[in-house]
Amino acid sequence: MSDLRQLRHFVALAEHGHFARAADAVSLSQPALSRSIQALEGQLNCQLVDRNPRGVTLTAHGRLVLEHARRLLAGDRALKNAVVQLADLETGELRLGAGPFPAARLMPQVLARYSSAHPKVSILLSIENWSELHQRLLDDELELFIADSRELEGDSRLDILPLRKHRAVLFCRPGHPLIDTQPSVERLLDYPLAGPRLPRDAQEGLVRNLGREQPLSVQCDDVLLLKELVKGSDVLCLATWDVVAEDVEAGRLAVLPWPKGGDASERGSAYALVRHASRSLSPAASQFVTMLLEEDAAFQASP
């Protein structure tokens, strides 16, 4: 049976695609790494990589083994963290994920509290859309994540805890030509519309409201970039109120009313805390969840 050390070597080779770079990553000589991979191939009785002058490519067997190797290594890491954290939270690792909007407002507040309370716990945060986070959770690369949950409902493998809802808003720069108006859909279409990747029902609703198949002129999951884009141009942008509240109150951004007959604000957010349904949380993650729910409940209401 292959050991975890060999699996780590194989994952490194798969990720780097080259023996020399992978050997550096795992602090081995290239011949030692090659022997480890050959031993793993011998134990599994299959060829994992095709070797060529440029490096290596995975075989069909290699792709299968890589998938399972990553899960085994994630399980080993989770086990070690749980055992260490059982006594206290003075060490260990917490792997989290967040969608673009929660990462822009909720997560920084929670992480600030958490890091102050447990400075020796290492936190690895991945910011991606709900689809990528979903897969990473199932691959045991994350212990939990916070993101829009509309596309995840019905997946029995998940435990989904809804968080506070926030109104959807349309925001722009102060001084935008549409400020102090009740813009029509036609007037909105005179300006580029930006926003993150949208869940299916939100995308379909926007298509109906705006009457065009591709409602977003600029699609980007980086909220900071979207805000800076809006501040320096006449681009309009979709967001939830919690993400722009501080900027609006400080006068850095402004909120436009939705066109009459095209109000999408009631859709709002669908943030949720998502984790494996069949697995208990580590002590570090449990403490994080407690702080997260406190911060979520403390946010001031929408405008």
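Visitor: How many helices and strands does the secondary structure of the protein chain come to?
Guide: This is a predicted model, and what follows describes the chain as that model places it. Of the 303 residues in the protein chain, 48% are buried, and the C-alpha trace spans about 70 × 50 × 35 Å along its principal axes. The secondary structure of this chain comes to 12 helices and 12 strands.

Visitor: Among contacts between residues at least 6 apart in sequence, what percentage join residues at least 24 apart?
Guide: Contacts between residues at least 6 apart in sequence are the starting set here, and from that set one picks out the contacts that join residues at least 24 apart. In the protein chain, the share of such contacts comes to 70%.

Visitor: Is strand β3 largely enclosed or left open by the rest of the structure, and how many of its residues are buried?
Guide: Strand β3, residues 93–98, pairs in the parallel sense with strand β4, residues 122–127, over 6 bridges, and 3 bridges join β3 to β5, again running parallel. A residue counts as buried when its relative accessible area is under 20%. Strand β3 is largely enclosed by the rest of the structure, because the number of its 6 residues that are buried is 5.

Visitor: Which residue of β5 is the bridge partner of A98?
Guide: As general background, strands of a sheet pair through backbone hydrogen bonds, either parallel or antiparallel. On the β4 side, L94 has I123 as its bridge partner. On the β5 side, the bridge partner of A98 is I146.

Visitor: Which residues touch the most other members of the largest nonpolar core, and which helix gives the most to this core?
Guide: The largest nonpolar core holds 39 residues, and those touching the most other members are L94, L144, V244, F288 and L292. The helix that gives the most to this core, with 6 residues, is α12, residues 283–298. Leaving aside residues up to four places away in sequence, L144 touches a list of residues that includes L96, V274, A285 and F288. To return to both names asked for, the residues are L94, L144, V244, F288 and L292, and the helix is α12.

Visitor: How many residues are in the other core that lies apart from this one?
Guide: Apart from the largest nonpolar core lies another core, with A22, C46, V65 and L66 among its members. The number of residues in this other core is 19.

Visitor: Which strands stand at the edges of the open sheet of 5 strands?
Guide: The strands of this open sheet follow the order β9-β8-β10-β7-β11, and their pairing is mixed. Within the sheet, strand β8, residues 193–195, and β10 pair in the parallel sense over 2 bridges, with A194 bridged to C237 in β10. Two strands each have a single partner strand, so one side of each is left without a neighbour in the sheet, and these edge strands are β9 and β11.

Visitor: Which residues of helix α11 are buried?
Guide: Helix α11 covers residues 241–249, and what covers its buried residues includes α5, β7, α10, β10, β11 and β12. The helix is followed by G251, whose phi is positive, near 85 degrees. The buried residues of α11 are W241, D242, V243, V244, A245 and D247.

Visitor: What is the volume of the largest cavity?
Guide: The count comes to 2 cavities of 30 Å³ or more. Of the 28 residues that line the largest cavity, the closest to its centre are F101, D148, R150, L198 and P199, while the lining by class has 17 nonpolar, 6 polar and 5 charged residues. The volume of this largest cavity is about 390 Å³.

Visitor: Is S36 buried or exposed?
Guide: S36 has its place in helix α3, residues 30–44, and, not counting residues up to four places away in sequence, S36 touches Q6 and H9. Because its relative accessibility is 9%, S36 counts as buried.

Visitor: Is N45 buried or exposed?
Guide: Most residues other than glycine have a negative phi. N45, which is not a glycine, has a positive phi of about 60 degrees, and N45 lies in the loop between α3 and β1. Since its relative accessibility is 71%, N45 counts as exposed.

Visitor: In which loop does D180 lie?
Guide: D180 has a positive phi of about 65 degrees although it is not a glycine. With a relative accessible area of 79%, D180 is exposed. The loop in which D180 lies is the one between β7 and α8.

Conventions: Residues numbered from 1 in each chain as written. Predicted model: local features only at pLDDT ≥ 70, side-chain atom pairs only at ≥ 80, totals over all residues. Heavy atoms only, no water. Buried < 20%, exposed > 50% of the residue type's maximum accessible area, 1.4 Å probe, protein only. Helix = DSSP H or I, 4+ residues; strand = E, 2+ residues; numbered from the N terminus. Contact = heavy atoms within 4.5 Å. 1 Å grid on protein atoms, 1.4 Å probe; cavity = no way out; pocket = protein on both sides within 12 Å on 5 of 7 lines; lining within 4 Å. Points joined across faces, edges and corners; volume = space filled by probe spheres on them. Nonpolar A, V, L, I, M, F, W, Y, C, P; charged D, E, K, R; others polar. Core = buried A, V, L, I, M, F, W, Y, C linked by side-chain atoms within 4.5 Å. Pairing = 2+ DSSP bridges.
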